[in-house]
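Subject: Structure for you to look at

Hi,

Here is the structure I said I would pass on. Have a look at it first, then read my notes below.

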Amino acid sequence: MSGKKNLRKFFVTLSAMFLLIFTMSLTSMAASKTVASIGSTNYTSLSAALKKVKNGETITLKANVTQTSALNINRDKSFTLNLNGKKITFSSGKTMKIKSGTVTITGTGTITGSGIVVSEGAVLNIKKGTYKQYIESHGTTNISGGTIKGNSTYGTCISNSGKLKITAGTFTASGKRDIIDSEGTVTIIGGTFTSTSTYNMLSNWGSGTMTIKGGTFSNTKDQMVCAWDNAVTTITGGTS
């Protein structure tokens, strides 16, 4: 009888050991999961990759990212972030802030959150991707592709006090705000702009300068372009 008890105890102990080993293996795998890479070097977080990236290098996302804190890019470097079909989701109120350097975002993928903030002196180039948030630009922002859907509360796609140039892309605003709200310099050469907002689609104010050379524009509820204060708007092209 005691032999059976000992045998049972042995198998219980063995099962517990296997369970412990399995759990430790899963924990180790989770801890070492590759989230981003620079060349052949892998990183377990996007933040870690951003701290190591050098001039001319590309950070490629390898997994979806849930960012629970602000993502501050404060490096005087020029690099590319390839979304690679993945998602970056920021917790409520958290932003990506480009404080210095030049960041080029490319690749299919989605960034969702409260916004991307471009500080004075910094540069943001958007070539591809879907952005379900607003862009607040005090520096230089160049958009040559991608889809920007604005902020879910107010609908604003881009707030600009710096230099904004758009050559292509899809821009959609809804709710209570506009696609572009600018007191800086805006040049629009192309792109598709669609608004169902109860506000102006393109707002130019203060001492802002807005030049529209091309693009396709549709606003079903309010004005296409509105300028006030000392703002100057020049339209030489585009269709509506």
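Let's start with one pair of residues: Asn125 has Asn142, in strand 11, as its bridge partner. Before going further, keep in mind that this is a predicted model.

That pair belongs to a wider match: strand 9 (residues 123-126) and strand 11 (residues 140-148) run parallel and are joined by four bridges. Now follow Asn142 the other way. Its bridge partner in strand 13 is Lys165. Strand 11 and strand 13 (residues 163-173) also run parallel, with seven bridges between them. Strand 11 has a further link, to strand 10 (residues 130-137), which is parallel too and has two bridges. There, Tyr131 stands opposite Ile148 of strand 11.

Tyr131 is a handy residue to remember, as it leads on to strand 8. In strand 10, Tyr131 is the bridge partner of Ile111. Strand 8 and strand 10 run parallel and share seven bridges.

So what else pairs with strand 8? Strand 6 (residues 86-90) does, running parallel to strand 8 with four bridges. You can find this pairing at Lys86, which stands opposite Gly109. Strand 7 is another parallel partner, again with four bridges to strand 8. Look for Lys97 opposite Val117 there.

Is strand 8 mostly buried or exposed? Eight of the 10 residues of strand 8 (residues 109-118) are buried, so the strand is largely enclosed by the rest of the structure.

Next, the empty space inside. Rolling a probe the size of a water molecule over the atoms shows where such space is left. The structure has one cavity of 30 Å³ or more, and the largest cavity holds about 40 Å³ of space. Which residues line the largest cavity? They are Leu46, Leu50, Leu71, Ile73, Phe79, Leu81, Met96 and Val103. By class, that makes eight nonpolar residues, with no polar and no charged ones. Helix 2 (46-52), strand 5 (71-82) and strand 7 (95-106) each give at least two residues to this lining. Strand 5 has the largest share, with four residues. You have already met strand 7, as a partner of strand 8.

One more residue to click on is Met201. You'll find it in the loop between strand 16 (192-195) and strand 17 (202-204). Is Met201 buried or exposed? Its relative accessibility is 0%, so Met201 counts as buried. What does Met201 touch? Leaving out residues up to four places away in sequence, its contacts include Asp178, Ile179, Ile180, Phe193, Phe217 and Met224. Asp181 is 20 residues away from Met201 along the chain, and the C-alpha atoms of the two are separated by 8.5 Å.

Finally, some overall numbers for the protein chain:

- The secondary structure comes to two helices and 21 strands.
- Of the 240 residues, 41% count as buried.
- The chain exposes about 12,300 Å², and carbon and sulfur atoms supply 52% of that.
- Among contacts between residues at least 6 apart in sequence, 30% join residues at least 24 apart.

If you want a route through the model, try going from Asn125 to Asn142, and then from Asn142 to Lys165. After that, go from Tyr131 to Ile111.

Cheers

Note on methods: Residues numbered from 1 in each chain as written. Predicted model: local features only at pLDDT ≥ 70, side-chain atom pairs only at ≥ 80, totals over all residues. Heavy atoms only, no water. 1 Å grid on protein atoms, 1.4 Å probe; cavity = no way out; pocket = protein on both sides within 12 Å on 5 of 7 lines; lining within 4 Å. Points joined across faces, edges and corners; volume = space filled by probe spheres on them. Nonpolar A, V, L, I, M, F, W, Y, C, P; charged D, E, K, R; others polar. Pairing = 2+ DSSP bridges. Buried < 20%, exposed > 50% of the residue type's maximum accessible area, 1.4 Å probe, protein only. Contact = heavy atoms within 4.5 Å. Areas by Shrake-Rupley, 256 points an atom, 1.4 Å probe, with all protein chains shown as cover.
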